[in-house]
Amino acid sequence: MRGLQQTWGATGERWLWLGYGLVLLLAPGVFRSGLGLSILSQIGVAIIACLSYNLLLGQGGMLSFGHAVYTGAGAFGAMHLLRLIEGGLAWPVVLVPLAGGLLAGLLALPLGWISTRRSGVAFAMITLALGELVWASAQMLPSVFGGEGGLTGNRGAGPAVFGIGFGSPMALYYLIAAHVLVCTALMAALRRTPLGCMLVAVRDNPQRVAFLGYDPNQLRFLAFVLAAFFAGVAGGLAALVFEIATSEVFSASRSGAYLLFTYLGGTPFFGGPIIGAVLMVLTLVWLSGWTRAWLLYLGVLFVAMVLLAPGGVASVLAHWVDLARRGLLRRLWVSYLAMALTALLAFVGLAAMVEMLYRLQLRDALGSQLLFLGASIDALDVNSWVGAGLTLLTGLGLFGVCRHQLQRDQQAVDAAPCALEVR
Amino acid sequence: MNPVLPALELKGLSKCHGATEVLRGLSLLVRPGERIGIIGPNGAGKSTLFDLISGAQAPSAGQILLGGQRIDGLSPFRISRLGLGRSFQVSQVFPSLSVADNLRCGVLWRLGYRYRFWARLRAGSDVDAEVDALLARVRLQGRRDTPARQLSYAEQRALELGITLAGDPQLMLLDEPTAGMNQSESRHVVALIREVTQGKTLLMVEHDMAVVFGLAERIAVLVQGTLLAFDTPQAIRANRQVQQAYLGTLPGL
């Protein structure tokens, strides 16, 4: 796990934290609309969830397919508590997410114990099975989970603390932002604790860890419970944002989204999941509103990332920072830009074909004409398909050429580091 | 460890892999503070013996006593907590961790940090002092922040030994500590082993006979899973059976 410090240095790390805090503080000033605030709040929730997921995947080397069990447990725990508060329980709403976290951590004591007896594929399969089990149970127990309609609550319930109630979206956003800052700091600090050090060691070489006095399963178990706690906090915050929790919060697709976007953001980096969380919300809220084929585009992006940059977006950024520090970005940025543009070209071609395919299925209702990037194209016209296909192939071909060129440039640059450092 | 008791006692130790008997009824008594060399041809069961003592494998039959306490069948981390450390023939380092972090992992349990997750390791703590001392001992000061995967082969061997030393074990099992090292590196490691095993007990598997005969106070010769001889280096040199087993390849015969 590369930390902030290796990439940025100790002073740079302080600036990064300051910037992080400022962005959290000032973001609502930029995105004032109701939708903007809602998206920001959801991003905050996703940041905590993805960071907690990376505690398992990036630091502990544990590929979980059931992280939604714990975000979901936090959400339902928070929702039940919220309803009790509405009924007169004297528990401040500020502490509802914490309660969600505690409940999820409690649930992880038995479930995490079962999961972490094994590592690798067996661990992944157990989390998958437990995820399905909990999801199915939630659908079968309407008295606890509210059945089809789910459970609803009112976050404005209970007495206001210092005159602040959380009915207003702005107050809610700052409650979330505060949780994001504290949870991020706690998870970052965890890496420098004895448990955090040994957790990374377990990922690298569990056999050796066992000969150093540590029980690898115990290390994995504790990390699992801590990850579940933070996931539960995220779930509790989500319950406050949506004021509803349905059995969907436990769904396999939810667990899959944590895996996918944490990976896209970059598992080898502490900050990677933060990037992933932003992508997650933008994809789920925006992209899914734009096009019906959004899952397909997401799949293409994921495959491309796994093949081209297995360290995620964060690894690409870190590489650029490294190049810039060595004064090499000046020589390489044109190649990177060319790669990005050709990739975009290929993607436009692909997207045109995908959109036409989707339109053909709905031809009876909507006709075969569609508007794509401002251009009106006909899904039944051969020319549209030829044009889109050529765009895709041209983009792919040029991308290959640019990538080859970049690799050559990079080799040339790496081969002569001394000559460059002198300049 | 109670000095009156043997540091390590093996009683009728056997290990079968299916129908193959890797070790057959091995018995051995090691006194506290002894340096024992274990030699034998390939496939004699030397590494399996280390696996049994350190808990990586459970014996098929027999007992292992560490300072008078039964440890056969215990998991590696429990045995490790009783003061036993081992190194590996093929380096088992933590490739993505820095050299200093590798050593830190070896130090933490001994200093009582256990599974602590509520307090950070501060700069300048006892852990850092130990790590610095270890870095100097295995001559890796210049590689402090280098990820272990970037180390050369010999440096990884040095780190491997360093991780084992980090636990400051009373009984140390070293599996070919000088394998793949050049003369000067090997000399340094031998001197280091001599230094760190003062007052400790050492069991060492080694193919370099000069190293074994120079370092060990007694030598156990393992052939096909049985103990052929267990005696002082002089006696081993003079032993006809050993000479036959090794076809006269022992130095100075």
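**Exercise 1. The interface of chain A and chain B**

Determine how much area chain A and chain B bury between them, and what share of it lies on carbon and sulfur atoms.

*Solution.* In this predicted model, chain A and chain B bury about 2600 Å² between them, and 66% of that area is on carbon and sulfur atoms. The next step is to count the residues that take part: chain A contributes 27 residues to the contact and chain B contributes 31 residues. Turning to polar terms, the rule finds two salt bridges across the interface of chain A and chain B, and it also finds 15 residue pairs in polar contact there, with both residues at pLDDT 80 or more. The side of chain A that touches chain B can then be assigned to secondary structure, where the elements giving two or more residues are helix H7 (169–190), helix H8 (194–204), helix H9 (206–210) and helix H10 (216–242) of chain A. Of that side, H8(A) supplies the largest share, with eight residues. One of the salt bridges pairs Asp101(B) with Arg192(A), whose closest N and O atoms are 3.8 Å apart; since the cut-off for a salt bridge is 4 Å, this pair is accepted.

**Exercise 2. A buried residue facing the partner chain**

Locate Asn205(A) in chain A, decide whether Asn205(A) is buried or exposed, and identify what its side chain reaches.

*Solution.* Asn205(A) sits in the loop between H8 and H9 of chain A. Its relative accessibility is 7%, and the limit for a buried residue is under 20%, so Asn205(A) counts as buried. When residues up to four places away in sequence are not counted, Asn205(A) touches Gln92(B), Val93(B) and Phe94(B). Among these, Val93(B) offers its backbone oxygen, which the side chain of Asn205(A) reaches at 3.2 Å.

**Exercise 3. Two domains of chain A**

Describe how domain 1 and domain 2 of chain A are placed and what passes between them.

*Solution.* Begin with the bounds, which divide chain A into domain 1 (2–314) and domain 2 (326–422). The centres of the two domains, taken over C-alpha atoms, are separated by 33 Å. Seven residues of domain 1 are in contact with nine residues of domain 2, and the two domains of chain A bury about 710 Å² between them, 73% of which is on carbon and sulfur atoms. On the side of domain 1, the residues that lose the most area to domain 2 are Arg292(A), Tyr297(A) and Leu308(A), together accounting for 64% of what that side buries. For the polar part, the count of salt bridges between the domains is zero, whereas three residue pairs are in polar contact, both residues being at pLDDT 80 or more.

**Exercise 4. Checking the length of a helix**

Compare the expected span of helix H14 (residues 312–325) of chain A with the distance between its end C-alpha atoms.

*Solution.* Helix H14 of chain A has 14 residues, and at 1.5 Å a residue it should span 20 Å. The end C-alpha atoms of this helix are 20 Å apart, so the two values agree. The buried residues of H14(A) are Gly312(A), Ala314(A), Ala318(A) and Leu323(A). Just after the helix, Gly327(A) takes a positive phi of about 75 degrees.

**Exercise 5. A contact across the sequence**

Find the surroundings of Trp135(A) and Ser247(A) in chain A.

*Solution.* Trp135(A) belongs to helix H5 (residues 120–140) of chain A, while Ser247(A) lies in the loop between strand S2 (244–245) and helix H11 (252–265) of chain A. With neighbours within four places in sequence left aside, Trp135(A) is in contact with Ser247(A), Glu248(A), Phe250(A), Ser251(A) and Ala252(A). The C-alpha atoms of Trp135(A) and Ser251(A) are separated by 5.9 Å, although these residues are 116 residues apart along the chain. Seen from the loop, and under that sequence exclusion, Ser247(A) contacts Phe76(A), Trp135(A), Ala138(A) and Gln139(A). Ser247(A) is buried, with a relative accessible area of 9%.

**Exercise 6. Positive phi in chain B**

Characterise Arg114(B) and Asp168(B) by their backbone angle phi and their place in chain B.

*Solution.* Arg114(B), a residue other than glycine, has a positive phi near 45 degrees, and it is found in the loop between helix H3 (99–107) and helix H4 (126–137) of chain B. Its relative accessible area of 48% makes Arg114(B) partly exposed. Asp168(B), likewise not a glycine, has a positive phi of about 45 degrees and is placed in the loop between helix H5 (153–166) and strand S7 (171–175) of chain B. With a relative accessible area of 38%, Asp168(B) is partly exposed.

Note on methods: Residues numbered from 1 in each chain as written. Chains lettered and ligands numbered in written order. Predicted model: local features only at pLDDT ≥ 70, side-chain atom pairs only at ≥ 80, totals over all residues. Heavy atoms only, no water. Helix = DSSP H or I, 4+ residues; strand = E, 2+ residues; numbered from the N terminus. Expected span 1.5 Å × (residues − 1). Buried < 20%, exposed > 50% of the residue type's maximum accessible area, 1.4 Å probe, protein only. Domains from an automatic or database assignment. Contact = heavy atoms within 4.5 Å. Buried area = accessible area lost by both parts, 1.4 Å probe. Salt bridge = Lys/Arg side-chain N within 4 Å of Asp/Glu carboxyl O. Polar contact = N/O pair within 3.5 Å; in protein donor to acceptor, adjacent residues only side chain to side chain.
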